[in-house]
Amino acid sequence: MEMVPSTMTEMWTTMGSTIASFMFIWAIIRQYCPYELRRYFEKYTNTIMTYFSPYIKISIHEFTGDRLKRSEAYVAVEAYLSVNSSKTAKRLKAEMGKDSNNLVLSMDEYEKVTDEFRGAKVWWVASKVVSATRPMAYYPEQEKRYYRLTFHKRYREMITGAYLEHVVKEGKEIKARNRQRKLYTNSPGYKWPSYKQTMWSHIVFEHPATFGTMALEPDKKKEIIEDLVTFSESKEFYARIGKAWKRGYLLYGPPGTGKSTMIAAMANLLNYDVYDLELTAVKDNTELRKLLIETTSKSIIVIEDIDCSLDLTGQRKKKGGKAMADDEKERKEVKEESSNSGNNKVTLSGLLNFIDGLWSACGGERLIVFTTNYVEKLDPALIRRGRMDKHIELSYCGFEGFKVLAKNYLNLETHPLFDAIDGLMKEVKITPADVAENLMPKSPLDDAEKCLWSLIQALEEAKEEAEAEATAAKKVVEQSQDGGGVCSENCLAEKASE
Ligand SMILES: Nc1ncnc2c1ncn2[C@@H]1O[C@H](COP(=O)(O)OP(=O)(O)OP(=O)(O)O)[C@@H](O)[C@H]1O
Ligand SMILES: [Mg+2]
């Protein structure tokens, strides 16, 4: 009877020491056996194991090829498992979901979940390979994440066919349902594209503007909405006519007329992401192309104040201020210059390529929107139809626009003061931003009437200013006509003081 515990102890001791020796030997092998030899050894053990194993494995990697874009299959599987794994997996990751009010769960790394499909059992594992450490300490390791699907070989046909189809389809649906719209921007300080997943950084897009809240003539509004909706539903049409599925919009007009607001409204209408491209932060044409490739479909790529972002006009003037007739030739020169000199800048040709070069067709379903305050400053090549298909002028606020704002801000459909405002609006130019500002209650006690009076006052002031300016301008014209182009000493002094 007493023998049992002692035998047990002995057995444990022997086993312990065997394991210890084995680990020791393994450590020695790891240290001294060359990496290549070990790889070779591992490869063949794997092959032998696979030969005898009744299971088939399929890996779905996050990045395939040259890591240009996240694999669509990976994204779909991720979404599919986010729903299907949360019931069975024990370690889960949580991320903020749509509208930031729920958490979306997905399986954590190295977690295994089981799924069943028509009586067949399959296993999914989320895993990653960390590539060998690089000599440079500040250059972090690369992680390559992937999902691995394991199933019995007797289900081969069904799993590789129907099941994977089901996973991708459902994954895409889940993705669309949980889609949190994003606002992306290219960060200027960022240098090492290879270890970060993307060159864009993003936040959740939460702009409340819609076409409903925009002050715009109803006809124009309707036309723009129809144009956008038609675009988003025209996948087949674009394929048939052999054009990339994208459309360019140029929004121009004075400051405060709603160009940025309209972009937000567009994104909200179509449920698209927004890529706010800061051209001045882009190093060169190559980087511009990389940024383009990393944009996803169903998105709006925005370049605000295009006239300020790029010295396009300057570049062309530098070439000797030639007449517009030399246009084509000049553009060619600019192109050559940019390809030869390799100066680190985004050039006009780089930007044109970005909009309609070969690369611009990847992905599809994208809007490119430029905004500017000075449309006449832009290079005609940049805004010709085909590049910027639709030109939308956003202008000063009309009475119709005012009514929308009055409804939004004060919940007013009519008011006795509306007639006075209508009259004044015909005489003076006021931006929707100024109207909006005046209609905004300034204290809790402000009622609608007070806000309307504030607007009337602003309109009257603007009118007086405009009149004063007009008289001054008239005076100058008269004086120059009187003097017959030759100024008297007095006139010169007056002009100088002006
Ligand atoms: N058409 C409009 N309808 C409703 N609100 C407007 C409209 N235009 C401007 N606004 C209001 O004015 C503010 C400024 O508008 P926004 O930023 O869109 O102007 P912008 O045309 O982009 O000006 P900028 O050229 O200076 O960038 C917004 O906060 C918005 O509330
Ligand atoms: Mg703006």
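I began with burial, taking buried to mean under 20% relative accessible area, exposed over 50%, and partly exposed in between. The model I am reading is predicted.

**Cysteines**

I looked up two cysteines with that cut-off in hand. Cysteine 451 has a relative accessible area of 2%, which is under 20%, and therefore I entered it as buried. Cysteine 397, at 6% relative accessibility, also counts as buried. I then checked for disulfides and found that the structure holds 0 of them. For my own reference, a disulfide is a covalent bond between the sulfur atoms of two cysteines.

**Ligand 1**

Next I turned to the surroundings of ligand 1, where I listed 14 residues, the closest being Ala215, Gly256, Lys259, Ser260 and Thr261. Sorting this shell by residue type, I noted 6 nonpolar residues, 7 polar and 1 charged.

I went on to the oxygen atoms of the ligand and looked for polar side-chain atoms beside them. For threonine 261, I found an N or O atom of the side chain 2.4 Å from an oxygen atom of ligand 1. For serine 260, a polar side-chain atom lies 2.8 Å from an oxygen atom of the ligand. For asparagine 373, I wrote down 3.0 Å between an N or O atom of its side chain and a ligand oxygen. As to cover, ligand 1 has 620 Å² of accessible area on its own, and the protein covers 73% of that.

Which elements give two or more residues to the shell around ligand 1? I found helix H7, residues 259–270, and helix H16, residues 432–439. The largest share, 3 residues, comes from H7. I also asked where ligand 1 lies with respect to domain 2 and domain 3. Domain 2 (183–393) and domain 3 (399–479) both give residues to its shell, so I recorded the ligand as lying between them.

**Threonine 372**

I placed threonine 372 in strand E12, which covers residues 366–372. Its relative accessible area is 0%, and I therefore entered threonine 372 as buried. Following its side chain, I found a polar contact of 2.7 Å with the side chain of aspartate 307, and I also noted that the threonine 372 side chain reaches the backbone nitrogen of tyrosine 374 at 3.0 Å.

**Two residues with positive phi**

I kept in mind here that most residues other than glycine have a negative phi. Asparagine 271, although not a glycine, has a positive phi of about 65°. I located asparagine 271 in the loop between H7 and strand E10, the latter being residues 273–276. Is asparagine 271 buried or partly exposed? Its relative accessibility is 38%, which falls between the 20% and 50% cut-offs, so I entered asparagine 271 as partly exposed.

Glutamate 365 is not a glycine either, and I noted for it a positive phi of about 45°. I found glutamate 365 in the loop between helix H12 (348–356) and E12. With a relative accessible area of 7%, glutamate 365 is buried.

**Glutamine 457**

My last entry concerns glutamine 457, which I placed in helix H17, residues 448–482. Its relative accessible area of 49% is not over 50%, and therefore I recorded glutamine 457 as partly exposed. I also looked up its separation from isoleucine 421: the two are 36 residues apart in sequence, and their C-alpha atoms are 9.9 Å apart in space.

Conventions. Residues numbered from 1 in each chain as written. Chains lettered and ligands numbered in written order. Predicted model: local features only at pLDDT ≥ 70, side-chain atom pairs only at ≥ 80, totals over all residues. Heavy atoms only, no water. Disulfide = S-S within 2.5 Å. Buried < 20%, exposed > 50% of the residue type's maximum accessible area, 1.4 Å probe, protein only. Near = heavy atom within 4 Å. Polar contact = N/O pair within 3.5 Å; in protein donor to acceptor, adjacent residues only side chain to side chain. Areas by Shrake-Rupley, 256 points an atom, 1.4 Å probe, with all protein chains shown as cover. Helix = DSSP H or I, 4+ residues; strand = E, 2+ residues; numbered from the N terminus. Nonpolar A, V, L, I, M, F, W, Y, C, P; charged D, E, K, R; others polar. Domains from an automatic or database assignment.
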